[in-house]
Amino acid sequence: MTRVIAVCSGKGGVGKTTITANLGSQLAKMGKDVIILDANLTTPNLSMHLGMPLYPVTLHDVLKGRASINQAIYEHENGLRIVPSGISLRDLRGVDSRDISTALLELLGSADILLVDVAAGLGREAMSAMEAADELLLVVNPEMTSVTDALKAAKLGEQVGTRVSGVIINRRKGLEYEMKTEDIQSMLDGADILAEIPEDVSVQKSVAARRPVVYHAPDSDAAYHMRRLAAGVAGVAFTEKLPFRKRLWKLLTAR
Ligand SMILES: Nc1ncnc2c1ncn2[C@@H]1O[C@H](COP(=O)(O)OP(=O)(O)O)[C@@H](O)[C@H]1O
Ligand SMILES: [Mg+2]
């Protein structure tokens, strides 16, 4: 059975695409059969994170009825498959975002996990993807605006029958003014916190290099926490230790 997981947030720029690319790559590395789908019809960039910006057939062509979904699936060197969206403005003409859910349903049975990079905002584009999913992964930054928008996404998800299966706190800098994990969790109705990914310049470097950080900088803190997230999503034990320098730092800063 295919698990359809929508990576959403409400707010833009919090790390959905970064997490989709890394989580998908890591799950594939763990032997899962994964398809990632770019459901950002207006501002797609999942394929840029993976270094594959141009495709002859995209999700846009499928939504316009010009191609079948199977024609828009591409193999990636990281061992996963990707359904990209078209990046040109011309691609947008004649596309109805409500059809995203139909396209997703057509992929059922084609993979173990279908990971969907959902558009920012809570308009039709996002809702259509959330509606077709079995579960939502909420990505937040540790700040009030992000958590408030994520709560809205969670509530709208519930209205279309899709529940939050976990929360990912991204870009934690460890600064005093950031929201605490327990406050984020209680604002989000006690949802499971699956991962806390630190602010890490390796992520920006890996985006510039168009390779997920789990490949580009596997020894970085961000990559460690991405792997931990993937284990959590797959429901397997995570036994890898924190890098030594990180453990030492934790010890030194413990109060
Ligand atoms: N943990 C992180 N540490 C540092 N920079 C990050 C991290 N996560 C994301 N970023 C940066 O934030 C940018 C926006 O992230 P992105 O995944 O595109 O957000 P969204 O898809 O939610 O709009 C990325 O291009 C990357 O440079
Ligand atoms: Mg994005």
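**View 1. Leu 37 of strand S2 has Val 83 of strand S4 as its bridge partner.** This is a predicted model, and we start with one pair of strands inside it. S2 covers residues 34-39, while S4 takes in residues 81-83. The two strands run parallel and are held together by 3 bridges.

**View 2. On its way through the sheet, S2 also pairs with S5.** Here there are 6 bridges, and the pairing is again parallel. Look for Val 34, which sits opposite Ile 113 of S5. How many of the residues of S2 are buried? The count is 6 of 6, so this strand is mostly covered. That goes for both of its faces: Val 34, Ile 36 and Asp 38 are buried on one side, and Ile 35, Leu 37 and Ala 39 are buried on the other. In a regular strand, side chains take turns pointing to one face of the sheet and then the other.

**View 3. Stepping back, the strands make up an open sheet of 8.** Reading across, the order is S3-S4-S2-S5-S1-S6-S7-S8, and the pairing is mixed. Which strands form the edges? They are S3 (74-75) and S8 (193-198), each of which pairs on one side only. Elsewhere in the sheet, S6 (residues 135-140) lies parallel to S7, with 6 bridges between them. One spot to look for in that pair is Leu 138, whose bridge partner in S7 is Val 167.

**View 4. Asp 112 sits in the loop between helix H4 and strand S5.** H4 spans residues 100-106 and S5 spans 113-118. Is Asp 112 buried or partly exposed? With 15 other C-beta atoms within 10 Å, Asp 112 is partly exposed, because being buried would take 20 or more. Its C-alpha atom is 6.0 Å from that of Val 34, although the two residues are 78 apart along the chain. Setting aside neighbours within four places in sequence, the contacts of Asp 112 are Thr 2, Arg 3, Lys 32, Asp 33 and Val 34.

**View 5. Helix H1 is largely enclosed by the rest of the structure.** Of its 14 residues, 13 are buried. Its length works out too: at 1.5 Å a residue, H1 should span 20 Å, and its end C-alpha atoms are indeed 20 Å apart. After the helix comes Gly 31, which has a positive phi, near 95°.

**View 6. Ligand 1 is surrounded by 18 residues.** The closest are Gly 15, Lys 16, Thr 17, Thr 18 and Val 203. Helix H1 (16-29), strand S7 (163-172) and helix H8 (201-209) each give two or more residues to this shell. What kinds of residues make up the shell? By type, there are 6 nonpolar, 8 polar and 4 charged.

**View 7. Last comes the whole chain, for context.** Altogether, the secondary structure amounts to 11 helices and 8 strands. The C-alpha trace spans about 60 × 35 × 35 Å along its principal axes. For 255 residues, a compact globule would have a radius of gyration near 18 Å, and the 18 Å of this chain agrees with that. Buried residues account for 46% of the 255. Among contacts with a separation of 6 or more, 75% link residues 24 or more positions apart.

Terms used:
Residues numbered from 1 in each chain as written. Chains lettered and ligands numbered in written order. Predicted model: local features only at pLDDT ≥ 70, side-chain atom pairs only at ≥ 80, totals over all residues. Near = placed C-beta within 6 Å. Helix = DSSP H or I, 4+ residues; strand = E, 2+ residues; numbered from the N terminus. Nonpolar A, V, L, I, M, F, W, Y, C, P; charged D, E, K, R; others polar. Rg over C-alpha atoms; globule rule 2.2 N^0.38 Å. Buried ≥ 20, exposed ≤ 12 C-beta atoms within 10 Å, placed from the backbone. Contact = placed C-beta atoms within 7 Å. Expected span 1.5 Å × (residues − 1). Pairing = 2+ DSSP bridges.
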